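Visitor: I'd like a close look at a single part of this model, taken step by step. Could you pick one sheet and its surroundings and walk me through them?

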Amino acid sequence: MCPSDSPAAVPARHGRWILAALAGITVIVVGLAVLTVELDRQGRRASASAAARLLSGALAQGLGAYLDRIDLELRDLADARLNPPGQHWSQALVERHRRHLPGVITVELLDAAGRPVPGARAGAALAPERDAVVQAFFAELRDVPGTALVLSSPLWDGASGQRVVLAGRRLTRPDGAFAGVVRAVLPAQGLVERFLPDSVPPGLHVSLLNQRVEFLARRPAVAAVQGGAISTAASAPLRALIERGAEESSYRAVSQLDGQSRIAFLRRAAGHPLYFSVGIAEETFLDAWRSELARVAVVVVAFLLLVGLVLSAWRQRGRALAALAEAHRAAHAQADRFDRVLRGANDGWWDWDLLRDEVEYSPRWWEMLGEPAETRRGSSLLWRDRVHPDDRARVEAELAAAWAGDAATLRSEFRLRHLSGRSLPVLARSLLQRDAAGRVVRMSGTITDLSSIRAVEARLRAMFDLSPLGCCLCDGDGRIRDANPALLALLGGDRAGTVGRRLPELVPQPGAGGEEGAQAARLAAEGRFGPYESLLPLADGRTVPVRLRGVRLAATDEADGAGEGETIYTLVEDVGAQRAMLRALEERTRELARSNADLEQFAYVASHDLREPLRMVSSFLGLLERRHGEGFDDEARQFIAFAKDGAQRMDRLILDLLDFSRIGREDLALAPVRLRAAIAQAAANLAVGLEESGARLEIEPGLDAVTVRGDAGQLASLFQNLIGNAIKYRSPERPPLVTLSARRVEGGWQVSVADNGIGIEPDYYERIFRLFQRLHSRERYDGTGIGLALCKKIVERHGGRIWVESRPGEGSRFLFILPAPGGG
Ligand code: ADP
């Protein structure tokens, strides 16, 4: 399954969008709620304001008409007073006028001095008449000629026990003189109450004020009064409006009286300097608004709770999906791991339900059989059929025994028949599951292809069997588990008689003394021992010296008990046979050395003794020439000369041979030798030859410091031969140049003697170092063919080697290695 299919993936992809949509909806809902509430508040305020306006209009109109009517009545009275028809003027007239004015307390006339005109009053007298307000009212009417109705400030009327306002007209004679006052006493509160409708909106406040911004009356009524005036100041906006002379205006203010905030409307009574302020406390309409707000808030909170619930459910679902995805991933990983482990192990598996005889086989199992996918059917008949016929009976028997017993596991090795016909060695390991009665109801296990293991085993077996050394596998006590033919041959028994036998000598035993004890300790510490020598008892009772070495192989500790314990692999070398061979070799070497010495002795003696007769031949030839030379003809003299020359050459040959045999016989006088000194010695011996040939000897400066371990005389002789040859085999085309150098190599110094002579063909590089081997005729280059053989012998006796490199026609380079004094 692909990871993108996991159940949490798709919601996780869309989750962000859904969350964003949810957040958007929440914002819209809350916004709408706020908007609704705000609009509601504004609406309520607007309707409160409209109600105040309407009411103020009704009040102003009512009051205006009422005052007009009072004015009319008072004017009538005034007219009656000024133009008395005599009989017209009477108490009854005043009474009648008062009756026309509902709510008016008193109607009366005052004379020009302010005194009540007797008999001209209807209603109770004002008390006290001497009030400042009353005085001021009178004074205003007297002093300010005019035709309008004049209203006083409010005053307290002790007679009626209420706050009253005076409304009056001036009595002006036709000549314009002041003739008194006609006035009406009006109850101040009545001016308000009279015009209010029966039911007023809750929270309604109505105030009546005059031009001087004095409160005449108020609804609801105010208890605290001081004299006639309501002891409070108008709010600043109200005062400003009245002082400005505004006819009507809405305003908002905080009442000085009760501290309430109000939506109010001010309106002037039509045609009169009185003002109604109608206010509605914000609290009143806000109360309703607040309960509306609470309802909306409840709805919003409920909505938010719902959103929260949805979110939390969503989060829980997300978490559950994540957990599910994690579980899904873990299960997937587990299955994948299991699959990879088994594939890595290259094992097959099966699961066999015995009750239903249904077997589930893994793909690898089918592969082992070579079974194509379309014919794969699982039942136990299948594997029974596919077990190799030779193994079938055994496997069935093992199975039956496991079922009958109480084993929890079964391990079985057998061969399977592959569809191609070849057989496949396998190891089947199974786990048995039993019911309460102990019957096996299920078997599951793995099947391992053993082909490659078997191939390796076969190879190891071949090496084991063919090894010329004795090999065996033992346990720690030396009990033999397996032995190869070489060991069987050495021990002198057959396999059946040897396997199972205990030969403690094959494994060093702890507690043994000496070398064996030490090797046993090493085996314990390092897991290996040897080589060390021991004596092995043979089947016939003899013993044979052997060299043993061995290693401990790790115990195979298999869970199903098929492992082996500690195993020691021991190699046995028959040192008896080796020793016999060594002894024979040593004997042979000794004999060779002896015969070599004899030969060298013989060569020396022969050479030495040969010189004596040779000298006789030479001296008698000389004598013959001296005594009878004159009688000889030329031919005879030539013969004698040939004979003498031959004798001389023979002498040289014998001397060279003597040198050669001496090198072999004499012991080396080994000491540190400076090569420069040996070369100087050789050059001195060759002084004549060097001079005659005009040869140049170039010695590289590095050579000065080189010291080797050797025999000074022999090394001088070595250089003398090589430098001598370099001069002898010079090229006729150029003056000879001999170059000597040395460089450090492993094990000593490599010395080079190079010339620019005639050179040597590669075919002869070996040959020239053999005795008497020459490449040229004596006529061309004189010599005996011993020089380089002597050089080889000297170098080899010093433990080194010598060889040549050359380019024919250009020169040769003789190289040899001599050990350095310290050996390194
Ligand atoms: P010989 O007495 O003939 O010099 P050696 O043993 O010294 O005997 O040399 C063997 C042969 O090796 C010589 O005959 C010669 O042909 C060849 N030879 C030795 N040294 C040189 C050299 N430096 N250059 C060329 N050839 C050489």
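Guide: Happily; what follows goes through one sheet from its order to its details, and then visits a few other places for context.

Please keep in mind that this is a predicted model. The part I have chosen is an open sheet of five strands, ordered β20-β19-β23-β22-β21, with antiparallel pairing. Its edges are formed by β20 (480–483) and β21, each of which pairs on one side only. On average, and with direction ignored, neighbouring strands of this sheet are turned by 30° against each other.

Two helices pack on this sheet. Helix α10, residues 451–466, touches β19, β20 and β23, and the direction of α10 makes about 80° with that of β20. Helix α13, residues 514–526, touches β21, β22 and β23; the direction of α13 makes about 140° with that of β21. Strand β23 is thus touched by α10 and by α13.

Now the pairings, beginning at β19. Strand β19 (residues 470–474) pairs with β23 (residues 567–574) in the antiparallel sense, over five bridges. If you want a landmark there, find L473, which stands opposite Y569 in β23. On β23's pairing with β22, the count is eight bridges, again in the antiparallel sense. Here L548 has V572 in β23 as its bridge partner.

That L548 is a handy residue to keep on screen, as it also leads to β21: Y532 stands opposite L548 in β22. Strand β21 (residues 528–537) and strand β22 (residues 543–553) run antiparallel and are joined by eight bridges. So that the picture does not stay abstract, recall that strands of a sheet pair through backbone hydrogen bonds, either parallel or antiparallel.

Two backbone details sit in this hairpin. The hairpin of β21 and β22 has five residues between the strands, and G541 takes a positive phi near 100° there. Within strand β21 you will find P531. The peptide bond joining G530 and P531 is cis, with omega about 0°. Another backbone detail is worth a glance elsewhere: D357 has a positive phi near 50°, although D357 is a residue other than glycine. The place of D357 is the loop between β14 (347–353) and β15 (358–361).

For context, here is the second sheet. It is an open sheet of five strands in the order β8-β7-β13-β12-β11, with antiparallel pairing. Strands β8 (215–219) and β11 (248–254) are its edges, each pairing on one side only. Its neighbouring strands are turned by 20° against each other on average, direction ignored. Helix α5 (residues 236–244) packs on this sheet and touches β7 (204–210), β8, β11, β12 and β13, and the direction of α5 makes about 155° with that of β11. Inside the sheet, β12 (residues 261–268) and β13 (residues 274–281) form an antiparallel pair over seven bridges. In that part of the sheet, R268 stands opposite Y275 in β13.

Last, let us step over to a helix pair and the ligand. Helices α18 (residues 712–728) and α19 (residues 787–797) pack at an angle of about 145°, with their axes 9 Å apart. Their crossing is left-handed. From α18, Q714, S717, L718, N721, L722 and N725 meet G787, L788, L790, C791, I794, V795 and R797 in α19. By class, this contact has seven nonpolar, five polar and one charged residues.

Two names from that contact, N725 and L788, return at the ligand: of the 21 residues around the ligand, N725, K728, Y729, R774 and L788 come nearest. An N or O atom in the side chain of N725 is 2.9 Å from an oxygen atom of the ligand. For the side chain of K728, an N or O atom lies 2.8 Å from a ligand oxygen atom. G785 takes part through its backbone, where a polar atom is 3.1 Å from an oxygen atom of the ligand.

Terms used. Residues are numbered from 1 along each chain as its sequence is written. This is a predicted model: local features need pLDDT of at least 70, side-chain atom pairs count only at pLDDT 80 or more; totals for chains, interfaces and linings use all residues. Side-chain values use heavy atoms; hydrogens and water are left out. Two strands pair if DSSP finds at least two bridges between them. Helices (H or I, at least four residues) and strands (E, at least two) are DSSP runs, numbered from the N terminus. Axes are lines fitted to C-alpha atoms, for helices over the stretch in contact, and angles run from 0 to 180 degrees between N-to-C directions. Contact means heavy atoms within 4.5 Å. A crossing is left-handed if the near helix is turned anticlockwise from the far one by less than a right angle, and right-handed if clockwise. Ala, Val, Leu, Ile, Met, Phe, Trp, Tyr, Cys and Pro count as nonpolar, Asp, Glu, Lys and Arg as charged, and the others, Gly among them, as polar. A residue is near a molecule or strand if one of its heavy atoms lies within 4 Å of it. A polar contact is a pair of N or O atoms within 3.5 Å; within protein, one must be able to donate a hydrogen and the other to accept it, and residues adjacent in sequence count only if both atoms are side-chain atoms.
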